[in-house]
Amino acid sequence: PYDFTVVATYAAPDFGTPVTVQAVPSAAQILNQEITVTRPQGALILTQRCGVNGALPGAPAVNAFPGFPGDPGIAASADQIGTSPDIDLGPPGLQVDPEFGDYPFPSPVTYPTQCGLDLGTAQFVATGALAGQYYQASGALNEVTVVDTRDVDAGWTVSGTMSNLVDGTESFSGNYVGWVPQVSADTDPAAAGQYDQIVAAGPRILPGDGVVSGTGLGSVGGQVLASANPGEGLGIAELDARVQMLIPTSVNAGDFSGILALTVI
């Protein structure tokens, strides 16, 4: 209850007598609204953006291996809208790829599973320790995107394995292909620090000598493009890589092709 003092006002000299009254508020009224929501099933999806790549630095020489000294960096592709979600597409700022706006739908997922990568015409290696033994070529991997919204943040690893490159009866080992991985973007920390996606690029893999010795991308089991530890994988990560290739001079001229298979687990 509340106590109020009421004072009557009269003309002088009678000023009245204060009176105390008590007021009792009505009973409290409580309104309840029950809110329900369904969190959709999470998933781990690996997709790619054909013809799209992030900016990549030059690749300096490493030991006697052809790091392709003097090779300039690779600029980001002009078209930064592909077939996966994006984090920052540049001017006019933050955008969402409309084809991926309803993640994880459509179901089944129909994002592209195969993109072409043309490394052009290889150049003869005329200097350095490998001079006269190889041709060399380089380019940029079609940008790869990992989306992880699974209920359990178990982490993930993206790996790549290169098949042999073949032209008719001529072929050479996928171990002659290497890469320099790069994490171009990942998801910022969530509000109140609930989680923070931390993605690490895999090590540089030098083009090998054709022998299965863990060098090059043709090795059994693949080579790591990027990974996130358990508790650090939720979000969207965009992965790029500079691809490097050697072609032995002992291989006859031709147009060679193979498959670089990427997997996420």
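**Entry: elements and serine 219**

I take strands to be DSSP runs of at least two residues, numbered from the N terminus. I note at the outset that this is a predicted model. On that footing I counted zero helices and 14 strands in the protein chain, and reading from the N terminus on I wrote the order down as β-β-β-β-β-β-β-β-β-β-β-β-β-β. I then looked up serine 219 and placed it in the loop between strand E11 (200-201) and E12. Is serine 219 buried or exposed? Its relative accessible area is 6%, and the cut-off for buried is under 20%, so I entered serine 219 as buried. I also checked its distance to threonine 161, a residue 58 positions away along the chain, and found the two C-alpha atoms separated by 6.8 Å. For the chain as a whole, I noted that buried residues make up 36% of the 265 residues.

**Entry: the nonpolar core**

In soluble globular proteins, nonpolar side chains tend to be buried together. I therefore looked up the largest nonpolar core and found that it has 32 residues, with Trp156, Phe172, Leu225 and Leu239 making the most contacts inside it. Which elements give two or more residues to this core? I listed E5, strand E6 (143-148), strand E7 (156-162), E10, strand E12 (223-228) and E13, and I marked E13 as giving the most, with seven residues.

Strand E13 also holds glutamate 238, which I looked up separately and which counts as buried at 4% relative accessibility. From glutamate 238 to glutamine 48 I recorded a C-alpha to C-alpha distance of 9.1 Å, for a pair that is 190 residues apart in sequence.

**Entry: aromatic rings**

A pair of aromatic rings is described by the distance of the centres and the angle of the planes. With those two quantities in hand I went through the rings and found that the structure holds four aromatic pairs, of which I wrote up two in detail. For tyrosine 134 and tyrosine 176 the ring centres are 6.0 Å apart and the planes stand at 55°, so I entered this pair as tilted. Tyrosine 134 belongs to strand E5, whereas tyrosine 176 is in the loop between strand E9 (170-172) and strand E10 (177-185), so the pair ties together parts that are 42 residues apart in sequence. I checked the burial of tyrosine 134 and tyrosine 176 as well, and both are buried.

Is the pair of phenylalanine 172 and phenylalanine 256 stacked or edge-to-face? The planes make an angle of 65°, with 5.3 Å centre to centre, and I entered the pair as edge-to-face. Phenylalanine 172 sits in strand E9 and phenylalanine 256 in the loop between E13 and E14, so this contact ties together parts that are 84 residues apart in sequence. Both rings belong to buried residues, phenylalanine 172 having a relative accessible area of 4% and phenylalanine 256 one of 19%. I closed the entry by noting that Tyr134, Phe172, Tyr176 and Phe256 form one aromatic cluster.

**Entry: the disulfide**

My count of disulfides came to one, and this disulfide joins cysteine 50 to cysteine 115, with an S to S distance of 1.9 Å. Which hand does the disulfide have? The torsion about the S-S bond is about -75°, so I wrote it down as left-handed. Cysteine 50 and cysteine 115 both lie in the loop between E3 and strand E4 (123-124), yet they are 65 residues apart. Their surroundings I recorded separately: cysteine 50 is partly exposed, with a relative accessible area of 41%, whereas cysteine 115 is buried, at 19%.

**Entry: the largest pocket**

I looked up the largest pocket and found a volume of about 1,200 Å³. How many residues line it? I counted 43, of which Leu117, Met162, Leu165, Ser257 and Gly258 lie nearest its centre. Strand E3 (44-49), strand E5 (134-140), strand E13 (235-248) and strand E14 (260-264) are the elements that give two or more residues to this lining. Sorted by class, the lining has 28 nonpolar, 13 polar and two charged residues.

**Entry: isoleucine 198**

As a last lookup I placed isoleucine 198 in the loop between E10 and E11, where it counts as partly exposed at 43% relative accessibility. Between isoleucine 198 and glycine 155, which are 43 residues apart in sequence, I noted a C-alpha to C-alpha distance of 9.7 Å.

Conventions. Residues numbered from 1 in each chain as written. Predicted model: local features only at pLDDT ≥ 70, side-chain atom pairs only at ≥ 80, totals over all residues. Heavy atoms only, no water. 1 Å grid on protein atoms, 1.4 Å probe; cavity = no way out; pocket = protein on both sides within 12 Å on 5 of 7 lines; lining within 4 Å. Points joined across faces, edges and corners; volume = space filled by probe spheres on them. Helix = DSSP H or I, 4+ residues; strand = E, 2+ residues; numbered from the N terminus. Nonpolar A, V, L, I, M, F, W, Y, C, P; charged D, E, K, R; others polar. Phe/Tyr/Trp six-rings, centres within 6.5 Å; stacked < 30°, edge-to-face > 60°. Buried < 20%, exposed > 50% of the residue type's maximum accessible area, 1.4 Å probe, protein only. Disulfide = S-S within 2.5 Å. Core = buried A, V, L, I, M, F, W, Y, C linked by side-chain atoms within 4.5 Å.
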